[in-house]
Amino acid sequence: MVGRVRLFGCGFALLVTGCGSSTPPATEPNPPHPDVIAPAPSAPSSGPDTATTPSAAPTAAAPPATTAGIPTASPRDAQLIRGRELYAAECASCHGATGHGGKSPPLVGLGAGALALNPPKTAKYRKVQFRTAADVLDFMVKTMPPTAPESLVPADAHALLAFLLEQNGVAWGSEPADTTVARRLEIPRP
Ligand code: HEC
(Lines give C-alpha, C1' and ligand atoms only; values in the text may rest on other atoms or scores of the structure.)
Protein backbone atom coordinates (compact mmCIF):
# COMPACT_ATOMS: atom_id res chain seq x y z
CA MET A 1 0.00 0.00 0.00
CA VAL A 2 2.71 2.26 1.03
CA GLY A 3 4.59 1.39 -2.04
CA ARG A 4 1.56 2.06 -4.09
CA VAL A 5 0.98 5.21 -2.30
CA ARG A 6 4.57 6.04 -2.74
CA LEU A 7 4.34 5.04 -6.30
CA PHE A 8 1.21 6.97 -6.57
CA GLY A 9 2.71 9.70 -4.61
CA CYS A 10 5.78 9.34 -6.59
CA GLY A 11 3.93 8.92 -9.77
CA PHE A 12 1.62 11.67 -8.77
CA ALA A 13 4.50 13.64 -7.65
CA LEU A 14 6.27 12.83 -10.84
CA LEU A 15 3.16 13.65 -12.69
CA VAL A 16 2.71 16.82 -10.83
CA THR A 17 6.34 17.51 -10.88
CA GLY A 18 6.52 16.26 -14.35
CA CYS A 19 3.53 18.31 -15.27
CA GLY A 20 4.65 21.01 -12.99
CA SER A 21 8.14 20.83 -14.21
CA SER A 22 7.10 20.34 -17.75
CA THR A 23 4.24 22.74 -17.49
CA PRO A 24 6.07 25.37 -15.60
CA PRO A 25 8.95 25.13 -17.93
CA ALA A 26 6.39 25.50 -20.64
CA THR A 27 4.71 28.23 -18.73
CA GLU A 28 7.85 29.66 -17.33
CA PRO A 29 9.66 29.78 -20.57
CA ASN A 30 7.03 32.15 -21.76
CA PRO A 31 7.03 34.46 -18.79
CA PRO A 32 10.75 34.16 -18.44
CA HIS A 33 11.12 35.15 -22.02
CA PRO A 34 9.05 38.24 -21.66
CA ASP A 35 11.10 38.80 -18.57
CA VAL A 36 14.23 38.14 -20.42
CA ILE A 37 12.97 40.21 -23.24
CA ALA A 38 11.78 42.83 -20.83
CA PRO A 39 15.11 42.95 -19.12
CA ALA A 40 16.56 43.11 -22.53
CA PRO A 41 14.59 46.20 -23.46
CA SER A 42 15.16 47.55 -20.01
CA ALA A 43 18.68 46.28 -20.21
CA PRO A 44 19.06 48.30 -23.34
CA SER A 45 18.42 51.22 -21.07
CA SER A 46 21.47 50.09 -19.26
CA GLY A 47 22.73 48.55 -22.45
CA PRO A 48 22.20 51.85 -24.20
CA ASP A 49 24.63 53.19 -21.71
CA THR A 50 26.96 50.72 -23.15
CA ALA A 51 25.43 51.33 -26.51
CA THR A 52 25.28 55.00 -25.78
CA THR A 53 28.92 55.01 -25.09
CA PRO A 54 29.68 53.38 -28.39
CA SER A 55 27.08 55.51 -30.09
CA ALA A 56 28.32 58.49 -28.15
CA ALA A 57 31.72 57.69 -29.41
CA PRO A 58 30.56 57.90 -33.01
CA THR A 59 28.68 61.04 -32.06
CA ALA A 60 31.75 62.38 -30.40
CA ALA A 61 33.72 61.16 -33.34
CA ALA A 62 31.39 63.03 -35.64
CA PRO A 63 32.19 66.50 -34.29
CA PRO A 64 35.88 65.91 -34.74
CA ALA A 65 35.00 65.05 -38.29
CA THR A 66 33.10 68.29 -38.53
CA THR A 67 35.84 70.09 -36.72
CA ALA A 68 38.26 68.32 -38.95
CA GLY A 69 36.23 69.64 -41.83
CA ILE A 70 36.66 73.21 -40.65
CA PRO A 71 40.43 73.11 -40.83
CA THR A 72 39.91 72.73 -44.56
CA ALA A 73 39.55 76.49 -44.35
CA SER A 74 43.24 77.29 -44.66
CA PRO A 75 44.98 79.46 -42.06
CA ARG A 76 45.08 82.11 -44.76
CA ASP A 77 41.31 81.91 -45.29
CA ALA A 78 40.71 81.92 -41.55
CA GLN A 79 42.82 85.04 -41.25
CA LEU A 80 40.83 86.75 -44.00
CA ILE A 81 37.56 85.88 -42.31
CA ARG A 82 38.89 87.33 -39.06
CA GLY A 83 40.09 90.43 -40.87
CA ARG A 84 36.71 90.98 -42.48
CA GLU A 85 34.97 90.69 -39.11
CA LEU A 86 37.40 93.08 -37.44
CA TYR A 87 37.15 95.57 -40.24
CA ALA A 88 33.34 95.59 -40.03
CA ALA A 89 33.46 96.01 -36.26
CA GLU A 90 36.36 98.45 -35.84
CA CYS A 91 36.96 100.32 -39.05
CA ALA A 92 33.93 100.40 -41.34
CA SER A 93 32.20 103.18 -39.41
CA CYS A 94 34.85 105.64 -40.64
CA HIS A 95 36.37 104.04 -43.75
CA GLY A 96 33.12 102.71 -45.23
CA ALA A 97 31.58 99.25 -45.33
CA THR A 98 33.70 98.21 -48.32
CA GLY A 99 36.75 100.30 -47.44
CA HIS A 100 36.13 102.74 -50.28
CA GLY A 101 35.97 105.60 -47.86
CA GLY A 102 33.41 107.34 -45.74
CA LYS A 103 34.06 110.20 -43.41
CA SER A 104 37.67 108.99 -43.43
CA PRO A 105 39.95 108.23 -46.41
CA PRO A 106 39.49 105.11 -48.54
CA LEU A 107 41.64 102.08 -47.79
CA VAL A 108 40.52 100.15 -50.85
CA GLY A 109 41.05 101.24 -54.44
CA LEU A 110 44.77 101.78 -55.02
CA GLY A 111 44.06 103.16 -58.49
CA ALA A 112 41.78 105.78 -56.97
CA GLY A 113 44.45 106.92 -54.54
CA ALA A 114 43.81 104.68 -51.52
CA LEU A 115 46.90 104.06 -49.37
CA ALA A 116 48.81 106.63 -51.43
CA LEU A 117 52.60 106.66 -51.15
CA ASN A 118 52.63 110.09 -49.53
CA PRO A 119 50.39 111.20 -46.69
CA PRO A 120 47.62 113.51 -47.84
CA LYS A 121 48.33 117.15 -47.12
CA THR A 122 45.36 117.17 -44.82
CA ALA A 123 46.60 114.17 -42.87
CA LYS A 124 46.23 114.53 -39.15
CA TYR A 125 48.14 111.43 -38.08
CA ARG A 126 50.05 110.03 -40.99
CA LYS A 127 53.57 111.37 -41.44
CA VAL A 128 55.02 108.31 -43.10
CA GLN A 129 55.10 106.99 -46.64
CA PHE A 130 53.41 103.75 -47.49
CA ARG A 131 56.05 101.92 -49.47
CA THR A 132 55.52 98.43 -48.18
CA ALA A 133 52.60 96.71 -46.56
CA ALA A 134 54.62 96.85 -43.33
CA ASP A 135 54.45 100.65 -43.41
CA VAL A 136 50.66 100.42 -43.52
CA LEU A 137 50.71 97.81 -40.78
CA ASP A 138 52.86 100.00 -38.52
CA PHE A 139 50.63 102.98 -39.08
CA MET A 140 47.51 100.97 -38.35
CA VAL A 141 48.92 99.56 -35.14
CA LYS A 142 50.23 102.91 -33.87
CA THR A 143 47.29 105.04 -34.91
CA MET A 144 44.10 103.11 -35.69
CA PRO A 145 41.41 103.32 -34.62
CA PRO A 146 42.10 106.92 -33.55
CA THR A 147 39.99 106.35 -30.45
CA ALA A 148 42.24 103.47 -29.32
CA PRO A 149 45.70 103.67 -30.83
CA GLU A 150 47.98 100.67 -30.19
CA SER A 151 44.99 98.55 -29.23
CA LEU A 152 45.33 96.08 -32.10
CA VAL A 153 47.13 92.91 -31.07
CA PRO A 154 49.52 91.60 -33.76
CA ALA A 155 47.24 88.78 -34.91
CA ASP A 156 44.36 91.20 -35.41
CA ALA A 157 46.52 93.80 -37.14
CA HIS A 158 47.82 91.08 -39.48
CA ALA A 159 44.26 89.92 -40.17
CA LEU A 160 43.20 93.48 -40.99
CA LEU A 161 46.17 93.94 -43.28
CA ALA A 162 45.36 90.66 -45.04
CA PHE A 163 41.79 91.81 -45.53
CA LEU A 164 42.87 95.17 -46.96
CA LEU A 165 45.41 93.54 -49.28
CA GLU A 166 42.78 91.10 -50.50
CA GLN A 167 40.27 93.91 -51.09
CA ASN A 168 42.92 95.77 -53.06
CA GLY A 169 43.74 92.70 -55.14
CA VAL A 170 47.31 92.56 -53.84
CA ALA A 171 48.64 88.99 -53.80
CA TRP A 172 51.00 88.05 -51.00
CA GLY A 173 51.13 84.28 -51.17
CA SER A 174 49.35 81.32 -49.73
CA GLU A 175 50.32 81.81 -46.08
CA PRO A 176 48.68 84.16 -43.59
CA ALA A 177 50.00 87.71 -43.82
CA ASP A 178 52.40 88.75 -41.08
CA THR A 179 55.12 91.33 -40.50
CA THR A 180 57.74 89.36 -42.42
CA VAL A 181 55.49 89.00 -45.43
CA ALA A 182 54.45 92.65 -45.18
CA ARG A 183 58.05 93.93 -45.17
CA ARG A 184 58.74 92.22 -48.47
CA LEU A 185 55.55 93.39 -50.08
CA GLU A 186 55.62 96.72 -51.91
CA ILE A 187 52.27 98.41 -52.29
CA PRO A 188 51.74 98.35 -56.05
CA ARG A 189 51.28 101.81 -57.53
CA PRO A 190 48.94 101.56 -60.52
C1 HEC B 1 36.96 107.19 -35.86
C2 HEC B 1 37.22 107.03 -37.28
C3 HEC B 1 38.22 105.97 -37.68
C4 HEC B 1 38.22 104.64 -37.36
C5 HEC B 1 37.22 103.89 -36.49
C6 HEC B 1 39.34 104.06 -38.05
N7 HEC B 1 40.00 105.01 -38.76
FE8 HEC B 1 41.57 104.69 -39.99
N9 HEC B 1 41.69 106.66 -40.37
C10 HEC B 1 40.86 107.62 -39.86
C11 HEC B 1 41.29 108.92 -40.30
C12 HEC B 1 40.64 110.26 -39.94
C13 HEC B 1 42.43 108.70 -41.10
C14 HEC B 1 43.29 109.75 -41.80
C15 HEC B 1 44.52 109.83 -40.91
C16 HEC B 1 45.25 111.15 -41.08
O17 HEC B 1 44.56 112.14 -41.30
O18 HEC B 1 46.46 111.13 -40.92
C19 HEC B 1 42.64 107.28 -41.14
C20 HEC B 1 43.65 106.67 -41.84
C21 HEC B 1 43.84 105.32 -41.93
C22 HEC B 1 44.84 104.69 -42.76
C23 HEC B 1 45.81 105.41 -43.67
C24 HEC B 1 45.06 105.82 -44.91
C25 HEC B 1 45.88 106.71 -45.80
O26 HEC B 1 45.80 106.53 -47.03
O27 HEC B 1 46.58 107.59 -45.29
C28 HEC B 1 44.74 103.35 -42.55
C29 HEC B 1 45.57 102.27 -43.21
C30 HEC B 1 43.67 103.17 -41.61
N31 HEC B 1 43.14 104.37 -41.24
C32 HEC B 1 43.26 101.95 -41.14
C33 HEC B 1 42.26 101.78 -40.21
C34 HEC B 1 41.88 100.50 -39.67
C35 HEC B 1 42.50 99.18 -40.06
C36 HEC B 1 40.87 100.72 -38.78
C37 HEC B 1 40.16 99.72 -37.92
C38 HEC B 1 40.98 99.02 -36.96
C39 HEC B 1 40.62 102.14 -38.78
N40 HEC B 1 41.48 102.75 -39.64
C41 HEC B 1 39.65 102.72 -38.00
C42 HEC B 1 39.76 107.41 -39.07
C43 HEC B 1 39.36 106.20 -38.55
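**Notebook: helix contacts, ligand shell and backbone details**

I began with the pair α4 and α6, and found that Q79, L80, R82, G83, R84, L86 and Y87 of α4 meet D156, H158, A159, L160, A162, F163 and E166 of α6. Sorted by class, I noted that this contact of α4 with α6 has 7 nonpolar, 3 polar and 4 charged residues. I keep in mind throughout that the model I am reading is a predicted one.

Next I looked up the geometry of this pair, since two packed helices are described by the angle between their axes and the distance between the axes. The axes of α4 and of helix α6, which covers residues 154–167, come within 7 Å and cross at roughly 95 degrees. Because angles of 65 to 115 degrees count as roughly perpendicular, I entered α4 and α6 as roughly perpendicular to each other.

For the chain as a whole, I recorded a secondary structure of 7 helices and 0 strands, and read along the sequence it follows the pattern α-α-α-α-α-α-α. I then checked burial, and of the 190 residues of the chain 18% count as buried. Turning to contacts between residues at least 6 apart in sequence, I found that 47% of them join residues at least 24 apart.

I went on to the ligand. Which residues are closest to the ligand? I counted 23 residues surrounding the ligand, and the closest are C91, C94, A123, Y125 and M144. The elements that give two or more residues to this shell are α4, residues 75–95, and α5, residues 133–143. Helix α4 gives the most to the shell, with 5 residues, and I noted that α4 is also the helix whose axis crosses that of α6 at roughly 95 degrees. By class, I entered the shell around the ligand as 16 nonpolar, 4 polar and 3 charged residues.

M144, which I had listed among the closest residues to the ligand, came up again when I went through the peptide bonds: the bond from M144 to P145 is cis, with omega near -15 degrees. I placed P145 in the loop between α5 and α6.

In that loop between α5 and α6 I also found E150, which has a positive phi of about 60 degrees although E150 is not a glycine. Is E150 buried or exposed? With 9 C-beta neighbours inside 10 Å, E150 counts as exposed, because the limit for exposed is 12 or fewer.

I looked up L115 as well, a residue other than glycine whose phi is positive, near 50 degrees. L115 lies in the loop between α4 and α5, and with 21 other C-beta atoms within 10 Å I entered L115 as buried, the limit for buried being 20 or more.

From L115 I was led to V136, because V136 touches L115, F130, L161 and I187, leaving aside residues up to four places away in sequence. I located V136 in helix α5, and with 24 C-beta neighbours inside 10 Å V136 counts as buried. Last, I checked V136 against R183, and the two are 47 residues apart in sequence and 10.0 Å apart in space, taken from C-alpha to C-alpha.

Definitions and conventions: Residues numbered from 1 in each chain as written. Predicted model: local features only at pLDDT ≥ 70, side-chain atom pairs only at ≥ 80, totals over all residues. Near = placed C-beta within 6 Å. Helix = DSSP H or I, 4+ residues; strand = E, 2+ residues; numbered from the N terminus. Nonpolar A, V, L, I, M, F, W, Y, C, P; charged D, E, K, R; others polar. Axes fitted to C-alpha atoms, helices over the stretch in contact; angles between N-to-C directions. Parallel < 35°, antiparallel > 145°, perpendicular 65-115°, else oblique. Contact = placed C-beta atoms within 7 Å.
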